[in-house]
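Student: I have a structure in front of me and would like to learn how to read it feature by feature. Could you take me through it slowly?

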Amino acid sequence: MFCSRGFLSENSFQRAAPRPEGLSDNDMDLKEWFANRKKKQEQAEVKQPLTTEEYCALWTQCFQCRELLYTKDLRENLHVCPKCLYHFRVGAEQRVEQLTDPGSFEEIDANLRSSDPLGFVDSEPYPKRLRDAERKSGLVEALLSGTATMEENPVALGIMDFGHFGGSMGSVVGEKVARLIEHAEEKRLPLILFSSSGGARMQEGILSLMQLAKTSSALKSFHDAGLLYISVLTEPTYGGVTASFAMLGDIIIAEPGARVGFAGRRVIEQTIRQKLPADFQTAEYLLSHGQVDMVVERTKLRETLVQLIEFHTKQNKPKSGSSQQTEPVIPGRAG
Amino acid sequence: MVDQKITPLEFEKPLALLAQQIELLEKQIGEGAHPELENDLDRLNQQYDQLKRSLYSNLRGIDHLALARHPQRPYTRDYLGRWDSAWIEMHGDRKGVDDPAMVTGLLRMGDHKVVVCGTQKGRTIHEKKNCNFGMPQPEGYRKALRLFQHAEKFQLPIINLIDTPGAYPGLAAEEHNQAEAIAVNLRELSGLTVPVISVITGEGGSGGALAIGVANRILMLEHSVYSVISPEGCASILWRSADKVAEACTAMKMTAREIKQLGVADEVVTEPLGGAHHDADFAAEKLREALVRHLNELTKMSPKELRKDRQNKFRRLGAFVES
């Protein structure tokens with residue numbers, strides 16, 4: 001047992017059954033006494049020992065430093081371990097919450113669904129796998145896209161969710177990315193794409209591969225229109241997503257510890273028949289090999305993105321008399 | 001009759017066996033020992049032709065894969081040499097590396113002057129090693145990109161020949177950003193204003209193939225394959241078994257005809273019966289005819305139309321439901 005029961009009940013439950021104020025036991029009539037007793041019984045029921053699942057939900061163990069973290073605190077720290085800065089995977093909806101001005105996110109293209117163009121069956125048919133993925137993740141696709149504001153800067157935002165089908169890119173993800181890019185180009189919005197993907201979705205065969213070309217092609221027009229695209233690489237980003245829009249950002253940011261690459265570690269080890277360095281394909285490794293502009297902690301991501309957007313989209317303020325010029329600081333490595 | 005120098009594939013073994021018997025019989029007749037065997041010989045020859053035709057018209061995905069990977073299949077250099085013996089090879093990415101797995105050059109084809117890029121597998125052990133078995137490094141893709149830019153500057157059509165298991169998965173390749181090299185090619189190819197034709201001549205292995213495959217027209221040789229992942233990779237991930245390669249080949253729909261049905265390939269180019277390696281000259285000529293026909297069509301389009309045509313082609317690809 002790693003916490004006192006008192007601590008839990010103080011935090012979670014006492015407020016639910018407050019003692020009526022201004023009354024002592026002597027002032028009560030019989031009716032009130034019964035009412036009070038009922039309330040006390042209710043309170044007693046609440047004090048049942050917590051089930052294992054409830055404990056697990058309240059506490060999270062850090063994968064890296066093994067520290068037990070109070071889940072609520074972890075959530076408030078944007079799912080970053082306060083002790084070792086391990087970045088937990090977060091879902092697309094959580095990211096929207098972490099990044100955008102409250103209530104500003106408007107989803108687009110939520111009505112696209114995968115079909116089964118090949119009639120693909122391995123150990124299970126593809127449509128069944130799709131339903132299972134939807135049930136497990138609560139999402140219909142591996143990408144959430146829309147528009148939002150960040151510190152009042154309008155942006156087009158696409159966020160991949162590894163929790164749905166391993167974040168794999170099939171026709172729907174490709175189409176949603178392409179439409180988001182086109183929308184951003186039409187409205188002249190800065191574009192931010194968060195990648196997290198195992199690669200192209202095998203169950204849609206060659207059509208999945210074609211999504212690499214489709215998204216990159218859409219980015220060509222966007223690029224030529226002189227608009228800003230920031231790519232954020234998050235744990236993990238591999239294969240077809242890396243080899244298309246993820247690596248085409250004007251600015252590429254990676255989250256600490258995120259593993260990003262084209263081929264997977266195991267495939268490379270089997271090919272070259274030698275062990276790879278422990279930090280191979282991590283964000284920090286990518287930074288030292290010139291593949292990303294910066295590695296930014298999640299807790300500083302929002303302000304960094306806003307800073308970069310404002311640097312590229314806002315006109316310089318006319319110089320006032322003061323000699324103090326506020327130059328935006330672009331961190332080589334924030335944090 | 002079967003060319004005895006050609007190594008038979010597993011599924012071709014019955015055919016090879018029959019060919020051996022015919023040869024034996026011919027020898028005996030030649031020696032004049034058993035003139036009555038003439039009839040048997042005719043029968044066997046008929047049987048042989050029948051078997052051959054039925055064998056190659058009912059190929060499974062994995063058989064096409066085996067043909068596409070046949071060690072004697074014509075490679076990029078075999079085609080280029082046959083099309084224009086005076087083609088000019090260009091080397092290097094101008095940044096420090098010349099990747100032999102990516103062959104680039106200038107070539108005349110009919111009335112057209114074109115820039116060619118193609119992956120090269122290598123025939124001998126030494127060549128194979130040198131060419132990394134047809135798997136380009138990032139520098140190979142950057143070399144191709146340099147040639148694409150050259151073509152754009154001089155408004156020359158581009159022909160890409162694809163026969164690769166995929167981009168090389170190695171330590172240096174990752175350090176030199178294989179993914180970025182591919183992604184940039186996808187983006188830049190889509191923006192070119194010259195005709196681009198890509199041909200899958202053998203294996204079209206995933207992103208490594210697509211990196212020179214964003215084209216106005218995609219042609220596939222009859223027995224070539226094109227897939228999002230190698231069938232071996234697919235089998236080991238989805239079936240968790242290396243024995244399920246045949247199933248993976250079928251499920252992924254990777255043969256030329258299937259890829260055309262899915263709207264990705266525009267034309268399937270006929271190969272000699274039994275595969276391009278049975279008659280490389282014939283295969284090269286058939287492909288040349290198809291290429292010239294497409295070049296004639298594409299060169300009529302304006303630069304703007306060509307770019308739009310290519311972008312639209314890929315914009316349309318994908319299958320989904322919109323509710």
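**Reading the features one by one**

Tutor: Let us begin with one short helix of chain B, in a model that is predicted. The buried residues of H3(B) are B:Gly61, B:Ile62, B:Asp63, B:His64, B:Leu65, B:Leu67 and B:Ala68.

Student: Why is helix H3 of chain B described as largely enclosed by the rest of the structure?

Tutor: Helix H3 of chain B, residues 61-68, is largely enclosed because seven of its eight residues are buried. The elements of chain B that these buried residues pack against are strand E5 (196-205), E7, H10 and H11.

Student: How should I read the packing of two helices, and which angle and distance describe H8 of chain A and H8 of chain B?

Tutor: Two packed helices are described by the angle between their axes together with the distance between those axes. Here helix H8 of chain A (residues 205-224) and helix H8 of chain B (residues 178-191) pack at an angle of about 65 degrees, and their axes are 8 Å apart. The crossing of H8(A) and H8(B) is right-handed. On the side of H8(A) the contact is made by A:Leu212, A:Ala213, A:Ser216, A:Ser217, A:Leu219 and A:Lys220, while H8(B) contributes B:Ala183, B:Leu186, B:Arg187, B:Ser190 and B:Gly191. Sorted by class, this contact of H8(A) with H8(B) has five nonpolar, four polar and two charged residues.

Student: Looking beyond that pair of helices, how many residues does each chain give to the contact between chain A and chain B?

Tutor: The contact takes 49 residues from chain A and 45 residues from chain B. On the side of chain B that touches chain A, the elements giving two or more residues include helix H7 (171-175), H8, helix H9 (206-210) and helix H14 (303-316) of chain B. The largest share of that side, nine residues, comes from H8(B). Its residues divide into 27 nonpolar, eleven polar and seven charged.

Student: What should I look for in a nonpolar core, and which residues have the most contacts inside the largest one?

Tutor: In soluble globular proteins, nonpolar side chains tend to be buried together. The largest nonpolar core in this model has 156 residues, and those with the most contacts inside it are A:Leu191, A:Ile206 and B:Met220. H8(A) provides the largest share of this core, nine residues. If residues up to four places away in sequence are not counted, A:Leu191 touches A:Ala156, A:Ile181, A:Ala184, A:Phe222, A:Leu227, A:Leu228 and A:Tyr229.

Student: How is chain A built as a whole, and how is it divided into domains?

Tutor: Chain A has twelve helices and ten strands, and buried residues make up 41% of its 335 residues. Among contacts in chain A with a separation of 6 or more, 68% are accounted for by residues 24 or more positions apart. The chain is divided into domain 1 (12-48) and domain 2 (90-313), whose centres, taken over C-alpha atoms, are separated by 53 Å. For chain B, the assignment gives domain 1 (10-58) and domain 2 (66-316), and the C-alpha centres of these two domains lie 38 Å apart.

Student: Which backbone angles deserve a second look, and where do they occur?

Tutor: Most residues other than glycine have a negative phi, and most peptide bonds are trans. In chain A, however, the peptide bond from A:Glu235 to A:Pro236 is cis, with omega near -25 degrees, and A:Pro236 lies in strand E8 (residues 229-237). A:His79 has a positive phi, near 60 degrees, and is placed in the loop between helix H4 (71-76) and helix H5 (92-99) of chain A. A:Arg273 also has a positive phi, near 50 degrees, in the loop between helix H10 (265-272) and helix H11 (283-288) of chain A.

Student: Is A:His79 buried or exposed, and is A:Arg273 buried or exposed?

Tutor: A:His79 counts as buried because it has 21 C-beta neighbours inside 10 Å, whereas A:Arg273, with 7 such neighbours inside 10 Å, counts as exposed.

Student: Where is A:Gly249 found, and which residues is it in contact with?

Tutor: A:Gly249 is found in the loop between helix H9 (239-242) and strand E9 (251-254) of chain A, and it counts as buried because it has 22 C-beta neighbours inside 10 Å. Leaving aside neighbours within four places in sequence, A:Gly249 is in contact with A:Tyr229, A:Ile230 and A:Ser231.

Notes. Residues numbered from 1 in each chain as written. Chains lettered and ligands numbered in written order. Predicted model: local features only at pLDDT ≥ 70, side-chain atom pairs only at ≥ 80, totals over all residues. Domains from an automatic or database assignment. Axes fitted to C-alpha atoms, helices over the stretch in contact; angles between N-to-C directions. Helix = DSSP H or I, 4+ residues; strand = E, 2+ residues; numbered from the N terminus. Left-handed = near helix turned anticlockwise from the far one by under 90°. Contact = placed C-beta atoms within 7 Å. Nonpolar A, V, L, I, M, F, W, Y, C, P; charged D, E, K, R; others polar. Core = buried A, V, L, I, M, F, W, Y, C linked by C-beta atoms within 7 Å. Buried ≥ 20, exposed ≤ 12 C-beta atoms within 10 Å, placed from the backbone.
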